[in-house]
Amino acid sequence: MIECSCDKNSKDIYLPELATIKKRRMMNGTELYMQLELDASPLVYKPGQFVEVSVAGVGEAPISISSSPTQKGFFELVVRNAGNVTKKLHQMSQGDKVGIRGPFGKGYPADEMKGRDLVFVCGGIGLVPQRSFINYVLDNRPDYGEVTILQGTKCFSMRVYREECEQWAHRGDLTFMETVDEAHDCWTGNVGVVTTLIPKIESKLKGAAVFVCGPPVMYKFVLMSLAEAEVPREDVYVNLERRMKCGVGKCGHCQINHHYVCQDGPVYNYAALGTAPEAI
Ligand SMILES: Cc1cc2nc3c(=O)[nH]c(=O)nc-3n(C[C@H](O)[C@H](O)[C@H](O)COP(=O)(O)OP(=O)(O)OC[C@H]3O[C@@H](n4cnc5c(N)ncnc54)[C@H](O)[C@@H]3O)c2cc1C
Ligand code: FES
């Protein structure tokens, strides 16, 4: 008799596990915050990993985990209403069930970064995956050096995690600077794109590891500003978003050169990537 070589006890990588929506609220006109719990056992993940979220009969979408694994008992997602699956997620209520596969990807090099100064440059919902690592660092504060966070959002009303940004701005152990592209009567802070903040933190960039995450258009200008500030490419990390299907390195949808973003990414060292993110 021929024995099947697969391990009968191993998890089926294509089979979603059920999760319950514990909390939900709109953060602004397009972004939904969700707090979830797997029904069977807690989700074990690393900062910067993502999950495939499925809605029965509709489909599946990759979504970054925005909470830190130091936060036990639940995980958090922020979902922009962009199409079929995400629209359906926006229509769901507390107590409803979704499917979860993952976590996938390697996420942030959290151990490698111990002892280093860290700078986070975030554009719009680029803050969502970065927040996972930021909160991990803040929960393990003695392990890391100086922390600087730059957040840029198109318009005042589209800001996400506003209360938390407010708390970061008042913490003594990090530097938080925020800007919006368009002036607003209710906004007394910086106005201008996120790159306008980079010259203000030039001294903090020396020797720091810089993590960049935002919309595709942002990378070109942020990377140019970092080059002007003489930050070596080896110290820059970019978060890539690709179309994904399987999430497990089988289908090739997410491939860039020899990288499978679903497996090796979504966070890449800029020097090691070998391709400018804006050219992808
Ligand atoms: C690793 C990773 C992490 C992500 N994290 C988040 C997150 O935290 N929050 C969030 O809101 N979204 C996130 N996204 C994007 C999200 O996966 C897409 O918006 C989602 O797949 C759209 O699915 P849908 O069925 O709702 O839309 P569809 O009906 O499939 O498509 C709607 C539109 O979006 C386009 N689209 C679909 N996927 C992508 C993509 N990956 N890149 C560019 N355009 C796309 C389609 O071409 C179409 O125009 C992430 C994507 C990746 C790859
Ligand atoms: S999504 Fe299938 S190989 Fe990455």
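**Cysteines and the ligand 1 site**

Colleague: What makes Cys122 count as buried?

Modeller: This is a predicted model, so the values are computed from it. Cys122 has 0% relative accessibility. Buried means under 20%, so Cys122 is buried.

Colleague: Why is Cys122 in no bond with Cys213?

Modeller: Cys213 holds the closest cysteine sulfur, and that atom is 7.2 Å from the sulfur of Cys122. A disulfide needs the two sulfurs within 2.5 Å. The distance is therefore too far for a bond.

Colleague: And where does Cys165 stand?

Modeller: Cys165 is in no disulfide either. Its nearest cysteine sulfur belongs to Cys122, 8.3 Å away.

Colleague: Is Cys165 buried or exposed?

Modeller: Cys165 has 1% relative accessibility. The cut-off is under 20%, so Cys165 counts as buried.

Colleague: How many disulfides does the structure hold?

Modeller: The count is 0.

Colleague: Turning to ligand 1, which residues come nearest?

Modeller: Pro62, Val78, Arg80, Thr86 and Arg243, out of 18 residues around the ligand.

Colleague: What makes the pair between ligand 1 and Pro62 a polar contact?

Modeller: An oxygen atom of ligand 1 lies 2.6 Å from a polar backbone atom of Pro62. The limit is 3.5 Å, so the pair qualifies. Polar backbone atoms of Asn84, at 2.9 Å, and Val85, at 3.0 Å, also pair with ligand oxygen.

Colleague: How much of ligand 1 does the protein cover?

Modeller: It covers 71% of the 890 Å² of accessible area that ligand 1 has on its own.

Colleague: Which elements give two or more residues to the shell?

Modeller: Strand 4 (59–64), strand 5 (75–80) and helix 1 (84–90). Strand 4 gives the most, with 4 residues.

Definitions and conventions:
Residues numbered from 1 in each chain as written. Chains lettered and ligands numbered in written order. Predicted model: local features only at pLDDT ≥ 70, side-chain atom pairs only at ≥ 80, totals over all residues. Heavy atoms only, no water. Buried < 20%, exposed > 50% of the residue type's maximum accessible area, 1.4 Å probe, protein only. Near = heavy atom within 4 Å. Polar contact = N/O pair within 3.5 Å; in protein donor to acceptor, adjacent residues only side chain to side chain. Areas by Shrake-Rupley, 256 points an atom, 1.4 Å probe, with all protein chains shown as cover.
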